Amino acid sequence: MPGRLEGKVAIVTGGGGGFGKGIAAKFVEEGAKVIIADFVEDVGQKTASELKCEFVRCDVTKREDWQNILKVADEKFGGLDCVVNNAGTTYRNKPTGDVTDEDFDKTFAVNVKSLFYSAHTIVPYLQKKGKGGSFVTIASTAGIRPRGGLTWYNASKAAAINGTKSMAVEYAKDNIRFNNICPVVGLGTGLTDLFLGKPENEKTFMATVPMGRGSSPRDVANSAAFLCSDEADFLTGIDVPVDGGRCV
Ligand SMILES: NC(=O)c1ccc[n+]([C@@H]2O[C@H](COP(=O)([O-])OP(=O)(O)OC[C@H]3O[C@@H](n4cnc5c(N)ncnc54)[C@H](O)[C@@H]3O)[C@@H](O)[C@H]2O)c1
C-alpha cells in the first residue's frame, strides 16, 4: 500500500533532533521526500543520513536561509508540498520579572518570525505552482492553556497559533492549508528540561495530564503526517492538542 505522503516533498525545520527528527522519520516512512532544515550542522547532517533525507543548514530566523531551502526543494525535487515549522526555543522556566531582553527576542524570533519568513518565501511559490500545499506549526499547549513561569514562551506560541489560523483563512482560496499541533510537554526532547525548570517538577506536571505522560516525537509525528496528507484535505485552521487530555 502506498504511504499516505507518497510523492510529496516536505521541509521539517529543527529536524535534527527531538520532535523534528520523529516527524522527519514518519514522513519518510509514509513516502515523502524530506528536507531537514536545522542550524546545527553536524547533528542535522547525521540525522539526515540516518533517515535518508536531504539536509540544508538553515537558521529559521533568516529570510535568506528560507530562500535557500526553497531553492533546494525546487532544484532537487522539482517542487514542495508541506512545511512543518517545528524549530522552536524557550528560556528556562522562571519568574516573568527575570526574563531578559535577549530571552524575549530569541523566543519571538525563533517561534514567530520564522513563521512570517516561511510564509513570505513559500506561499508565493505554491500559489504560482497552483497545486496547493500544507503548513503545520508545532505550537504547544502553552499557547492555549498558559501557566506562569513561561509567560513569553506561552505568548510566542499563542502568536504562532493565531498567525497560523489567520493564514488558513487568507490562503484557503489557493488550497494552501495551515494547521497547528499543540503538544503537551515532551518526553525528554531537547526543550523539555527548560520547560519543567527543575527535574523534580516532572512528577507533579505529569500528574496534570489525564493520560499520565508527556508527548513523544511519534505522537507529534503521527498528527503531522495526517495533517499533511490528502486525508486531511478539508482541514484548515485547526489546533490538534497532542496532550493526553491536558487541555480539557
Ligand atoms: N519539548 C517539549 O516539551 C515541547 C512541548 C510542546 C511544544 N514543543 C515545541 O516543539 C518544537 C520542538 O521541540 P523539541 O523539544 O523537540 O526541541 P529540540 O531542542 O529537541 O529540537 C529543536 C531543533 O530545532 C533546532 N533549532 C533551534 N533553533 C533553530 C533555528 N533558529 N533555526 C533552525 N533550527 C533551529 C535545534 O537545532 C534542534 O535540532 C518546538 O517548537 C517546541 O516549542 C516542545
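A salt bridge is a side-chain nitrogen of Lys or Arg within 4 Å of a carboxyl oxygen of Asp or Glu. In the predicted model described here, Glu 54 and Lys 76 satisfy this criterion, with their closest N and O atoms 3.5 Å apart. Glu 54 belongs to strand β3 (residues 54–57) and Lys 76 to helix α3 (residues 63–77), so the salt bridge ties together parts that are 22 residues apart in sequence. Glu 54 is partly exposed, its relative accessible area being 22%. Lys 76, with a relative accessible area of 52%, is exposed.

The structure holds 15 salt bridges. Side chains of opposite charge can pair when their charged atoms come close. Another of these pairs is formed by Glu 75 and Lys 71, for which the closest N and O atoms are 3.9 Å apart. Both residues lie in helix α3, where a spacing of four residues corresponds to about one turn of the helix. Glu 75 is exposed at 61% relative accessibility, while Lys 71 is partly exposed at 47%.

A further salt bridge joins the side chains of Arg 92 and Asp 193, with an N to O distance of 3.0 Å. This pair links distant parts of the chain, as Arg 92 is located in the loop between β4 (82–85) and α4, Asp 193 is located in helix α6, and the two are 101 residues apart. Arg 92 is partly exposed, with a relative accessible area of 36%. Asp 193 is likewise classed as partly exposed, at 38% relative accessibility.

Helix α5 was examined next. The helix comprises 20 residues (151–170), for which a rise of 1.5 Å a residue predicts a span of 28 Å; the C-alpha atoms at its ends are 29 Å apart, in agreement with that expectation. Viewed down the axis of α5, the buried residues fall within an arc of 160° and therefore line one face of the helix. The buried set consists of Tyr 153, Asn 154, Ser 156, Lys 157, Ala 160, Ile 161, Thr 164, Met 167 and Ala 168. Asn 162 and Val 169, on the other side of α5, are exposed. Several elements receive the buried residues of this helix: they pack against α4 (101–129), β5 (133–138), β6 (176–183), α6 (192–196) and β7 (239–242).

The loop between α5 and β6 contains Lys 173. Lys 173 is exposed, with a relative accessible area of 65%. Its C-alpha atom is separated by 9.8 Å from that of Gln 127, although the two residues are 46 residues apart along the chain.

Strand β6 includes Cys 182, a buried residue with a relative accessible area of 0%. Cys 182 and Ser 140 are 42 residues apart in sequence, yet their C-alpha atoms are 3.9 Å apart in space. When neighbours within four places in sequence are left aside, the contacts of Cys 182 include Ala 139, Ser 140, Thr 141 and Ile 144. Also among them are Ile 161 and the residues Asp 239, Val 240, Pro 241, Val 242 and Asp 243. Ile 161 is itself one of the buried residues of α5.

Ser 223 is situated in helix α8 (residues 217–228). With 17% relative accessibility, Ser 223 counts as buried, the cut-off for this class being under 20%. Apart from residues up to four places away in sequence, Ser 223 touches Ile 181, Val 240 and Val 242. Val 240 and Val 242 also appear among the contacts of Cys 182.

Empty space was considered last. Rolling a probe the size of a water molecule over the atoms shows where such space is left. The largest pocket has a volume of about 1100 Å³. Its lining is made up of 50 residues, and those nearest its centre are Gly 88, Thr 89, Tyr 153, Leu 191 and Phe 195. At least two lining residues are supplied by each of α1 (18–29), β2 (33–38), α4, α5, α6 and α7 (201–206). The greatest contribution is that of α6, which gives four residues to the lining. Tyr 153, one of the residues nearest the centre of the largest pocket, is also listed among the buried residues of α5.

Notes
Residues numbered from 1 in each chain as written. Predicted model: local features only at pLDDT ≥ 70, side-chain atom pairs only at ≥ 80, totals over all residues. Heavy atoms only, no water. Expected span 1.5 Å × (residues − 1). Buried < 20%, exposed > 50% of the residue type's maximum accessible area, 1.4 Å probe, protein only. Arc of directions from axis to C-beta. Contact = heavy atoms within 4.5 Å. 1 Å grid on protein atoms, 1.4 Å probe; cavity = no way out; pocket = protein on both sides within 12 Å on 5 of 7 lines; lining within 4 Å. Points joined across faces, edges and corners; volume = space filled by probe spheres on them.
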